[in-house]
Amino acid sequence: MYKYDEIDQQIVDERVAQYRDQVRRYLAGELSEDEFRPLRLQNGLYIQRHAPMLRIAVPYGMLSSKQLRKLGDIAQKYDRSYGHFSTRQNLQLNWPKLEDTPDILAELATVQMHAIQTSGNCIRNITTDQFVGIAPDEVIDPRAMAEIIRQWSTFHPEFALLPRKFKIAVSGTKQDRAIVQAHDIGLEFYTDNNNNVAVKVWVGGGLGRTPILGSVIREHLDWQHALTYCEAIIRVYNLHGRRDNMYKARIKILTKALGINEFRNQVEAEWTHLKDGPNTITEAELARVAKHFDPMPYENLSAHDASFDAAIASNPAFAAWVKRCVHVHKQPGYRAVTLSLKPHGQAPGDITSEQMWAVADLADEFSFGELRSSHEQNLILADVKLADLYKLWEKARAQGLATPNIGLLTDIICCPGGDFCSLANAKSIPIAQAIQMQFDDLDYLHDIGDIELNISGCMNACGHHHVGHIGILGVDKDGSEWYQVSIGGKQGNDASLGSVIGRAFSAEEMPGVIQKLIEVYIQQRTPEERFIDTVRRIGAPPFKAHVYAKNEVAA
Amino acid sequence: MSNLVKIENGVAALANDDWTLVKLPEAQTEERIQAGKVVLFKLTGESTITEEQIANTVIPATGKIIVPLSVFVERNAELESRIANGEVGVWLATHELLEYLIQQQADLNVLPIIAVFVERFADGRIFSIGTLLRTRYGFKNELRAFGDVLRDQLFFLKRSGFTSFMVRQDRSAQEAIASLNDFSKPYQGAVDEPQPVFKRYNRGV
């Protein structure tokens, strides 16, 4: 993964000094609450219900074992010995003290980490597919470009105070796993007809209050121009995006208001001035950064391993885990492994300090000392030998990290919700826990098969509920918490937004509602169909009819 | 005492302000309703400044003045000789369009100063406006930020081509100077240093 040179290190060190002074001025009364807000937000610090929340950047989800160990130490020293992985692949601490945050940042800087631009109206953490670099269907490893974009966007002076937050995702696979269409800018890397690396540029996607899938603003862009083209897009947005209403301030509203064609014309006009300018990426810079992402020193292994096959045959629990948590790898004899942060009955994405240290050890022992976080809020060891899987499974299981539920109903994407977040209308974690307990039977879960259930505690949609096969949104009705259910959302190349099935439900009703949705699916599915396929084939009415049936009888 | 910070020959220091800022009289209509609604403003062609305001603006008879963009355009004939003498600068708000200025005054370097008014700290349009004035329209003279200008914008303003900063009256301009050097080797090319870090330094291979 990318390692800092002196220039990178100096920037994070100077940031610590700058932020320390901002906190000092705030505590000394030299900065008002309102003036401090944009400053602290651009350093990932929210003021929440109980305490501040600090969001630490994990650029495009890559972590070293050393970094994770440090995160475990920080969570223990400054928080309650746990952290929470978010849907932007970042790590959140829920209980730090404001006064401690400069020291936390100083500690992070010692392991080449920071919290720069993890919140606020600026360019946020660049995200990508968690199987980047190892997926068999990958055409381009986009990490070098993600790093180049990270550096370019860090303290970009022109885009320091945008109308609203700005999220960029990159992907380099045929099957999109980075939800590029749900981002302000999505950069899809591919190889063009001349065998050159090119970018398909998506713009104006986003979830939140007004969910919109992005439009293609440019089918073909040479990679050298990725930064200048982004500058053109963001300049048009910075100048013309609405600033009078924060709910109408995302770029998606501007692209809809102008229409994609007019927006494209403005961007292209701007770009004629920027094209081939100084921020054009050079071959040398790409090569320098790409070297950090060279393939691991893999051993030449056979595609099969007898001990692995024997373990699968003799141990059903191991076999179940392999089926859900082990993924294909482009190198023969290697696999990627997802460590589930979704044990039933616990907050999705949460991880204790002890688990962080344990995962760091596992990464050192089995996966070249590196790991990734995913937007589904799990951790991935990307380069594990087939022959090591059984040993890894035993160790992960001892830490509660081997729930064989990846991609299943209980692998719930969930925001922190009303338990922590001051924006939330309703709690989300207890709903996730209740659903996990309702579906605690693993055989049943495996029978239901691939399904994505996403929960957000408010319309800001941090839990990506719009693109869940089942989406749950917490809403406030006259001061009490209710839950709106949608079905038919999907991430990926054929992304779609779910539609709401009807009136909202109370928290107690929710496990039963999900149960009923699943019953319809089980009844109606053809042998090969996943839940989402059945919804797309038969539409929402049969689901609605069954879920609301009791009410009709009562009436 | 002036709260003006000025960068001259690469050195930032407190400076005396020898310009008089000319303001528009208060509008009859509630202007805030329009403020910031740039999309609507552009799509509907509505102006936030009335003819009446422009006509009623009091322009001092002598001295160096910075006039509102609308006054500069609409009452340009009155100012002609003073413009030729280098006594007139222009200021604009962040929702105003640079095209409007360029249509009136193709060669901006006739103006010794352009000032940009930022109403709220969080309004980052000022950075794009500065960048465009420098890179697109070739403006070389003093570029000033005023309004809700606080020390934590200064680094970004400097990088966006601003050379003077009227720090908000209730804050120390002297202390704000330090923040101009918050970062020594920024990553990306911008107005003050067009080359990105990978072209300025040998970062190895």
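**Exercise 1. A salt bridge between two chains**

In this predicted model, the side chains of R243(A) and D123(B) meet in a salt bridge, with 3.7 Å from N to O. Work out where the two residues lie, whether they are buried or exposed, and which further salt bridge involves D123(B).

*Solution.* Begin with the position of each partner: R243(A) belongs to the loop between α6 and α7 of chain A, while D123(B) belongs to the loop between β6 (113-118) and α6 of chain B, so the pair joins two chains. Next consider accessibility, where R243(A) and D123(B) both turn out to be buried. Finally, look at the surroundings of D123(B) within its own chain: the side chain of R125(B) also meets that of D123(B) in a salt bridge, here with 3.0 Å from N to O, and R125(B) is buried as well.

**Exercise 2. The interface as a whole**

Describe the interface of chain B and chain A: how many residues are in contact, what area is buried, and how many salt bridges cross the interface?

*Solution.* Start with the contacts, in which 48 residues of chain B take part together with 51 residues of chain A. The two chains bury about 4,300 Å² between them, and 57% of this lies on carbon and sulfur atoms. On the side of chain B, F183(B), Y187(B) and R203(B) supply 17% of the area that this chain buries against chain A, which is more than any other three residues.

Then turn to the polar side of the interface, where eight salt bridges are found and 25 residue pairs are in polar contact. The elements of chain B that give two or more residues to the side touching chain A are α1 (38-44), α6 (125-135), α7 (151-159) and α9 (197-200), and the largest share, six residues, comes from α6(B).

As a last step, note a network of salt bridges with members in both chains, which links D21(A), R24(A), R25(A), E30(A), R151(B) and D152(B).

**Exercise 3. A salt bridge within chain A**

The structure holds 52 salt bridges over all chains. Take the one formed by R177(A) and D129(A), and find which loops hold these residues and how many residues apart they are.

*Solution.* The side chains of R177(A) and D129(A) meet at 3.0 Å, N to O. This pair links distant parts of the chain, since R177(A) sits in the loop between β6 (168-171) and β7 (185-191) of chain A, D129(A) sits in the loop between α4 (101-109) and α5 (143-153) of chain A, and the two are 48 residues apart. Their accessibility can be added to the picture: R177(A) is partly exposed, with a relative accessible area of 22%, whereas D129(A) is buried, with a value of 2%.

**Exercise 4. The nonpolar core**

Identify which residues of the largest nonpolar core touch the most other members, and then trace the contacts of I233(A).

*Solution.* The largest nonpolar core has 162 residues, of which I185(A), L187(A), I233(A), F263(A) and F72(B) touch the most other members. Helix α6 (residues 226-240) of chain A gives the most to this core, with ten residues. If neighbours within four places in sequence are left aside, I233(A) is in contact with I185(A), V201(A), V203(A), I217(A), I251(A), F263(A) and V267(A). A second, separate core of 40 residues has among its members I431(A), I448(A), I455(A) and I472(A).

**Exercise 5. A threonine in a helix**

T255(A) is found in helix α7 (residues 251-258) of chain A. Determine which backbone oxygen lies 3.0 Å from a polar atom of its side chain, and which residues beyond its sequence neighbours are in contact with T255(A).

*Solution.* The backbone oxygen in question is that of K252(A). T255(A) is buried, with a relative accessible area of 8%, and outside its neighbours within four places in sequence its contacts are V203(A), G204(A), I260(A) and F263(A).

**Exercise 6. Positive phi values**

Most residues other than glycine have a negative phi. Examine Q89(A), whose phi is positive at about 65 degrees, and state where it is found.

*Solution.* Q89(A) is found in the loop between β4 (82-85) and β5 (91-93) of chain A, and it is buried, with a relative accessible area of 1%. A461(A) also has a positive phi, near 65 degrees, and is not a glycine either; A461(A) lies in the loop between β16 (453-456) and β17 (470-477) of chain A, where it is buried, with a relative accessible area of 3%.

Methods:
Residues are numbered from 1 along each chain as its sequence is written. Chains are lettered from A and ligands numbered from 1 in the order in which they are written. This is a predicted model: local features need pLDDT of at least 70, side-chain atom pairs count only at pLDDT 80 or more; totals for chains, interfaces and linings use all residues. Side-chain values use heavy atoms; hydrogens and water are left out. A nonpolar core is a set of buried Ala, Val, Leu, Ile, Met, Phe, Trp, Tyr and Cys residues joined through side-chain atoms within 4.5 Å. Buried means under 20% relative accessible area, exposed over 50%, partly exposed in between (1.4 Å probe, protein chains only). Helices (H or I, at least four residues) and strands (E, at least two) are DSSP runs, numbered from the N terminus. Contact means heavy atoms within 4.5 Å. Buried area is the accessible area (1.4 Å probe) that two parts lose on being put together, summed over both. A salt bridge is a side-chain nitrogen of Lys or Arg within 4 Å of a carboxyl oxygen of Asp or Glu. A polar contact is a pair of N or O atoms within 3.5 Å; within protein, one must be able to donate a hydrogen and the other to accept it, and residues adjacent in sequence count only if both atoms are side-chain atoms.
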